[in-house]
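Colleague: Please take a close look at the sheet and the helices packed around it, and describe how these parts are put together.

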Amino acid sequence: MEPAGAAANVTLKDVAAASGVSISTASRALDERGTASRSAAAAHVRKVAEELGYRRNSFASSLRRGETRTLGVLVPRLSDTVMALMFEELERAAADRGYFAMVATSGDEPDDERRAAETLLDRNVDGLILATARLDDELPRLLRQRRVAHVLVLRTDGVSPSALGDDDTGGYLAVRHLIDLGHRDIAVVTGPSFTSTANARLAGARRAMQEAGIELPEKWSLAAGYGIENGFSAGESLLSGNAAERPTAIFAANDNIAMGIMAAAHRYRLSIGGDLSLVGYNDIPLASRLPTPLTSVRVPLAQIARTAIDLIIDPDKEPRVSRSMPTLIPRESSGHPRA
């Protein structure tokens with residue numbers, strides 16, 4: 001069989017005729033939305049379509065079904081490594097289910113978040129995936145009222161469908177690790193108080209301390225942003241005093257904060273893993289490649305992404321709020337306290 005000279009002119013009807021099957025049979029064989037049929041007839045249709053140079057018009061078929069096979073993803077910023085990695089995993093998981101993901105950013109500003117969400121909805125996306133949820137956020141409530149298919153990732157408001165890590169357990173694992181090393185003077189630097197991640201990680205850290213009979217002084221419990229500069233400011237606040245007034249260990253609620261604290265420790269000539277033990281969160285790729293590799297809590301982003309896509313496509317298949325278990329990855333940044 002000779003390939004068609006102009007693939008754009010090859011129709012589904014042509015493929016069906018050349019394959020000796022009905023148009024509906026050819027359509028089912030070439031439908032990319034689900035698992036491809038392994039029957040000999042379907043394989044024959046796909047082989048004929050390839051030889052003819054047929055290209056399925058996904059947009060037209062989606063319009064006939066009243067869907068676009070597109071999902072909108074809203075993140076605070078793509079300069080944040082975790083958010084960039086999360087989008088990549090969502091994009092991959094969506095593609096595996098026959099969807100295309102497009103991203104927009106909000107800068108963690110509620111007004112910008114709502115505008116970005118409306119822009120994505122104007123493009124007729126089949127659902128929204130939000131990594132921007134705030135505890136005081138109105139957008140998830142509005143989406144529920146409008147019956148817009150949506151899921152929250154990494155953060156949750158406790159009501160909308162959500163796929164995230166178990167942040168309480170993650171905070172517990174981080175501080176339990178420091179306690180097991182012998183630390184009792186432990187500080188905690190969390191993220192913004194409007195995020196479920198910051199609150200849950202702090203709750204887990206407090207739980208570990210309470211079990212060990214350790215008090216978290218108010219001056220050693222700091223809320224910061226999730227950027228490196230926020231970690232540096234927090235580090236300066238915690239480390240600028242004399243040795244008796246400093247913590248021997250710090251749990252940072254993300255790796256960016258931890259890297260900022262590392263920079264502050266360097267300024268005060270404190271060795272990481274020696275003078276100061278440090279645990280981060282998320283285990284971004286850079287964490288293991290720092291001059292002093294960072295102990296961190298690894299979050300299963302791929303699993304969270306798959307769950308998020310399932311919550312959009314098959315909302316009754318998963319629990320409305322699904323938490324994936326994190327793992328502590330010990331490295332050189334955490335050690336026994338010095339005498």
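**The sheet and its helices**

Modeller: In this predicted model, helix α5, residues 81-96, lies across β1, β2, β3 (127-130) and β4 (150-153). Its direction is at about 155° to that of β2. Helix α12, residues 301-313, also packs on the sheet, where it touches β1, β3, β4, β5 (162-165) and β11. The direction of α12 makes about 170° with that of β5.

The sheet under these helices is open and has six strands, in the order β2-β1-β3-β4-β5-β11, with parallel pairing. At the edges are β2, residues 100-105, and β11, residues 321-324, each of which pairs on one side only. From one strand to the next the twist averages 20°. Strands of a sheet are paired through backbone hydrogen bonds, in either a parallel or an antiparallel manner. Here β1, residues 70-75, runs parallel to β2, and six bridges join the two. Within this pair, Gly-72 has Met-102 of β2 opposite.

Two helix pairs can be described in the same terms. In one of them, α8 (residues 167-180) and α9 (residues 196-211) have axes that come within 6 Å and cross at roughly 40°. With angles from 65 to 115 degrees counted as roughly perpendicular and those under 35 as roughly parallel, α8 is therefore oblique to α9. The crossing of α8 and α9 is right-handed. On the α8 side the contact is made by Asp-167, Asp-168, Thr-169, Gly-171, Tyr-172, Val-175, Arg-176 and Ile-179. They meet α9 residues that include Thr-197, Ala-200, Arg-201, Gly-204, Ala-208 and Glu-211. Sorted by class, the contact of α8 with α9 holds eight nonpolar, four polar and six charged residues.

The other pair is α2 (residues 23-30) and α3 (residues 40-52), which pack at an angle of about 85° with their axes 9 Å apart. Since 65 to 115 degrees is the range for roughly perpendicular, α2 and α3 are therefore roughly perpendicular to each other. From α2 the contact takes Ala-26, Ala-29 and Leu-30, and from α3 it takes Ala-42, Val-45, Arg-46 and Ala-49. The residues of the contact of α2 with α3 comprise six nonpolar, no polar and one charged. The charged one is Arg-46 of α3.

How values were computed:
Residues are numbered from 1 along each chain as its sequence is written. This is a predicted model: local features need pLDDT of at least 70, side-chain atom pairs count only at pLDDT 80 or more; totals for chains, interfaces and linings use all residues. Side-chain values use heavy atoms; hydrogens and water are left out. Two strands pair if DSSP finds at least two bridges between them. Helices (H or I, at least four residues) and strands (E, at least two) are DSSP runs, numbered from the N terminus. Axes are lines fitted to C-alpha atoms, for helices over the stretch in contact, and angles run from 0 to 180 degrees between N-to-C directions. Contact means heavy atoms within 4.5 Å. Angles under 35 degrees count as roughly parallel, over 145 as roughly antiparallel, 65 to 115 as roughly perpendicular and the rest as oblique. A crossing is left-handed if the near helix is turned anticlockwise from the far one by less than a right angle, and right-handed if clockwise.
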